[in-house]
Structures are given as structure tokens and as C-alpha cells.
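User: I want the reasoning behind the labels, not just the labels. Please take me through this one.

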Amino acid sequence: MSDYLLFRRAEIMSRLSGTDADLQRRVWLIGKQNASKSFGAVFTRRRRGDLETQAWRYHDDEEVEFIAAGRMVVQIGSNEEGVLEQFEAAAGDMFYIPAGVKHRGDAVGDDLCIGVLFCPEPYDINTGQPSIVG
């Protein structure tokens, strides 16, 4: 395995293509299949409009996310506690969520939201780990 990976814009954009029917489409670029010590993803997200009914998720490792385009709302909380905090992140913003903190999010408005996500441990992208519903 090489010490570096380069993903050209054309490759990223071709993987991001989809239809307007795509509610959420993730593009996994760096995971257990090609990296041993980190994880990164570029994803697109369209508004689902069901934020209040979405499951709360958390990860075993911390998460850093950079919003490249569009806007998204992120809620921190749980089923038991409800929404404890909420923030909106727009293009150029970056946010951090500690390991084990339950959260959920959705795109805002009708514009496509494109984000870049980094975690210290590689996800098993076939099972969706380490995103855990709970």
C-alpha cells in the first residue's frame, strides 16, 4: 500500500453524480479497503425533511466534518433527553463531534450539501461502522 492517496476532482465529481431522487448519497474514499489509520469520505446530502424522526447516531471515534457546499443542521441529544443543542453549518464551516456523542443531521433548503468527513479510525463501509444507532 502506498504512503499516500490522491483523488482527482474529476473522480470525486463523477462519484458524486446522482439523481434528484437521491436523498443521501455517500461516496467513501478512504476506508479499510485502502487505509489502515484513518478514514475520510466525500458525500452529498439532500434534505430529507424528517430530522425530528431520524435516529440518533454516535461513533466510537471523534468526527470532524467540513462543509464544502450547501448547508446542514446538526442536532446533539438523544431520544431520552431530546435536542440539547443545535447548530447550522454552511459552506466553509467545519465542526467537531466527540466520540460517543449522539447526533443527527440533515441538509437545509433545496441546495445540495457536500461535506468532507474525517475520523481517526477507518470505517467498515459495508456495515456502516462505526456509526451506531442508539
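**Labels and the values behind them**

Analyst: Setting aside residues up to four places away in sequence, G105 touches R45, R48, L51, Q54, M72, V73 and V74. This is a predicted model. G105 is found in strand β8.

User: Why is G105 called buried?

Analyst: Its relative accessibility is 12%. Buried means under 20%. So G105 counts as buried.

User: What separates the C-alpha atoms of G105 and I76?

Analyst: The distance is 8.9 Å, for residues 29 apart along the chain.

User: What does the protein consist of, in helices and strands?

Analyst: It has 1 helix and 10 strands. From the N terminus the order is α-β-β-β-β-β-β-β-β-β-β. Of the 134 residues, 35% are buried. The accessible surface comes to about 7,900 Å², and carbon and sulfur atoms hold 50% of it.

User: How many of the contacts join residues at least 24 apart?

Analyst: The share is 69%, taken among contacts between residues at least 6 apart in sequence.

User: How many aromatic pairs are there?

Analyst: The count is 1 aromatic pair. F87 and F95 form it.

User: What makes F87 and F95 an aromatic pair, and why is it edge-to-face?

Analyst: Two values decide. The ring centres are 5.3 Å apart, and the cut-off for a pair is 6.5 Å. The planes stand at 65 degrees, and over 60 counts as edge-to-face. So the pair earns both labels.

User: Are F87 and F95 buried or exposed?

Analyst: F95 has 8% relative accessibility. That is under the 20% limit, so F95 is buried. F87 has 29%. That falls between 20% and 50%, so F87 is partly exposed.

User: What is F95 in contact with?

Analyst: Beyond its neighbours within four places in sequence, F95 contacts E63, V64, E65, I67, M72, V74, F87 and A89.

User: How do you know that the side chains alternate along β7?

Analyst: Strand β7 covers residues 94–97. F95 and I97 point to one face and are buried. M94 and Y96 point to the other face and are not buried. In a regular strand the side chains alternate between the two faces of the sheet.

User: What makes β4 and β7 a strand pair?

Analyst: Bridges do. Two strands pair if there are at least two bridges between them. Strand β4, residues 63–69, and β7 share 4 bridges, in the antiparallel sense. So they count as paired. One example of a bridge partner: F66 is matched with M94 in β7.

User: Which residues form the largest nonpolar core?

Analyst: It has 9 residues: I67, M72, V74, I76, A89, F95, I97, A107 and C113. Strands β5 (71–78) and β7 each supply at least two residues of this core. The largest share, 3 residues, comes from β5.

User: How many salt bridges does the structure hold?

Analyst: There are 4 salt bridges. Side chains of opposite charge can pair when their charged atoms come close.

User: Why is the D110 and R47 contact called a salt bridge?

Analyst: The closest N and O atoms are 2.8 Å apart. The cut-off is 4 Å. So the label holds. D110 lies in the loop between β8 (103–107) and β9 (113–119), and R47 in the loop between β2 (39–45) and β3 (57–58), so the pair ties together parts 63 residues apart in sequence. D110 is exposed at 65% relative accessibility, while R47 is partly exposed at 44%.

User: What makes E52 and R104 a salt bridge?

Analyst: The N to O distance is 3.6 Å. That is within 4 Å, so the pair counts. E52 sits in the loop between β2 and β3 and R104 in strand β8, 52 residues apart. At 56%, over the 50% limit, E52 counts as exposed. R104, at 7%, is under 20% and so is buried.

User: How do you know that E88 and R71 form a salt bridge?

Analyst: Their closest N and O atoms are 2.9 Å apart. The limit is 4 Å, so this pair passes. E88 is in strand β6 (residues 82–90) and R71 in strand β5, 17 residues apart. At 46%, E88 counts as partly exposed. R71, at 35%, also counts as partly exposed.

Key
Residues are numbered from 1 along each chain as its sequence is written. This is a predicted model: local features need pLDDT of at least 70, side-chain atom pairs count only at pLDDT 80 or more; totals for chains, interfaces and linings use all residues. Side-chain values use heavy atoms; hydrogens and water are left out. Buried means under 20% relative accessible area, exposed over 50%, partly exposed in between (1.4 Å probe, protein chains only). Contact means heavy atoms within 4.5 Å. Accessible areas come from the Shrake-Rupley method with a 1.4 Å probe; for residues, only the protein chains shown count as cover. Rings of Phe, Tyr and Trp (its six-membered ring) pair if their centres lie within 6.5 Å; planes under 30 degrees apart count as stacked, over 60 as edge-to-face and the rest as tilted. A nonpolar core is a set of buried Ala, Val, Leu, Ile, Met, Phe, Trp, Tyr and Cys residues joined through side-chain atoms within 4.5 Å. A salt bridge is a side-chain nitrogen of Lys or Arg within 4 Å of a carboxyl oxygen of Asp or Glu.
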